[in-house]
Amino acid sequence: PERTKETTWPEFIRRHRNVLCATDFFTAEVWTPQGLVTYYVLFFIHVASRRVHVAGLTPNPNAAWMAQVARNETMADSGFLTSLGCKYLIHDRAGEYCPAFDDVLKSAAIEPILLPPRSPNLNAFAERWVRSVKEECLDPYVLFGEGMLRRVLEEYVTHYHKERNHQGRDNELLCLDPPLPNAAPGGKTAIRC
């Protein structure tokens with residue numbers, strides 16, 4: 001009897017969160033010697049652990065670039081998607097997600113799930129990360145060059161994983177480091193003036 005029911009989106013997310021990743025783009029304006037350039041940043045987020053991986057950035061996300069990113073992320077030994085055991089990848093219907101991108105995913109046994117048009121709330125984990133990175137990281141800065149954009153994003157991802165608490169996970173840190181060597185019993189560190 002349960003098989004005749006249609007699975008709701010929140011139930012699908014809950015059942016598959018350990019093997020589910022999401023992807024999206026956001027843009028960043030960068031000053032270069034040629035003037036102001038818009039860079040497209042492609043990232044992946046693992047739904048269960050909230051781990052984020054910035055896959056690449058480019059001013060022109062064409063089909064060849066997208067296919068190469070998909071190959072990089074599905075490599076058996078070092079790909080972000082394969083290392084997490086991802087079986088499903090949620091993405092919107094942006095024109096950058098070309099058929100070659102989906103074909104590479106399918107060849108790695110990852111099923112791309114295209115979201116309906118104009119439904120950003122179905123990709124809520126990725127959209128929330130975009131809001132965080134823009135508000136907490138990119139908006140306060142004037143970025144000069146691609147190198148500065150890369151450094152700022154690397155620093156923010158490290159902060160996001162190791163230092164920032166997450167309300168969706170009961171204010172936990174994603175990567176808890178071992179306690180400091182001079183930590184007092186009970187996990188509290190002695191404070192000196």
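In the predicted model, Glu96 touches Phe25, Tyr40, Pro61 and Met66, when residues up to four places away in sequence are not counted. The position of Glu96 is in the loop between β4 (88–91) and α4 (99–107). With a relative accessible area of 23%, Glu96 is partly exposed, because that class covers values between the 20% limit for buried residues and the 50% limit for exposed ones. One of its contacts spans a long stretch of the chain: Glu96 and Phe25 are separated by 71 residues in sequence, while their C-alpha atoms are 9.1 Å apart in space.

The wider architecture gives the setting for this loop. The protein contains six helices and eight strands, and their order along the sequence is α-β-β-β-α-α-β-α-β-α-β-α-β-β. Of the 193 residues in the protein, 39% are buried. The accessible surface amounts to about 11,900 Å², and carbon and sulfur atoms account for 52% of that surface. Among contacts between residues at least 6 apart in sequence, 53% join residues that are at least 24 apart.

Met66, one of the residues touched by Glu96, also takes part in the packing of two helices. The axes of α2 and α4 come within 8 Å and cross at roughly 15 degrees. This angle makes α2 roughly parallel to α4, since angles under 35 degrees fall in that class. The crossing of α2 and α4 is right-handed. On the α2 side the contact is made by Met66, Ala67, Ala70 and Arg71, and on the α4 side by Ala100, Phe101 and Val104. By class, the residues of this contact comprise six nonpolar, no polar and one charged. The charged residue is Arg71, because Arg is counted as charged.

A second helix pair has another arrangement. Helix α5 (residues 124–138) and helix α6 (residues 146–162) have axes that come within 11 Å and cross at roughly 115 degrees. The two helices are therefore roughly perpendicular to each other, and their crossing is right-handed. From α5, the contact involves Trp129, Ser132, Val133, Glu136, Cys137 and Leu138, and from α6 it involves Leu149, Val152, Leu153, Tyr156, Val157 and Tyr160. Ten nonpolar residues, one polar and one charged residue make up the contact of α5 with α6.

Several loop positions were also examined. Thr74 is placed in the loop between α2 (63–73) and α3 (80–83). Its relative accessible area is 12%, so Thr74 is buried, the limit being 20%. Leaving aside neighbours within four places in sequence, Thr74 is in contact with Gly79, Leu81, Thr82, Val104, Leu105, Ala108 and Ile110. Val104 is also among the α4 residues that contact α2.

Two further loop residues concern the backbone. Most residues other than glycine have a negative phi. Arg50, however, has a positive phi near 65 degrees and is not a glycine. Arg50 is found in the loop between β2 (35–46) and β3 (52–58), where its relative accessible area of 17% makes it buried. Ala109 likewise has a positive phi, of about 65 degrees, although it is not a glycine. Ala109 lies in the loop between α4 and β5 (111–114). In contrast to the buried Arg50, Ala109 counts as exposed at 60% relative accessibility.

Definitions and conventions: Residues numbered from 1 in each chain as written. Predicted model: local features only at pLDDT ≥ 70, side-chain atom pairs only at ≥ 80, totals over all residues. Heavy atoms only, no water. Helix = DSSP H or I, 4+ residues; strand = E, 2+ residues; numbered from the N terminus. Buried < 20%, exposed > 50% of the residue type's maximum accessible area, 1.4 Å probe, protein only. Contact = heavy atoms within 4.5 Å. Areas by Shrake-Rupley, 256 points an atom, 1.4 Å probe, with all protein chains shown as cover. Axes fitted to C-alpha atoms, helices over the stretch in contact; angles between N-to-C directions. Parallel < 35°, antiparallel > 145°, perpendicular 65-115°, else oblique. Left-handed = near helix turned anticlockwise from the far one by under 90°.
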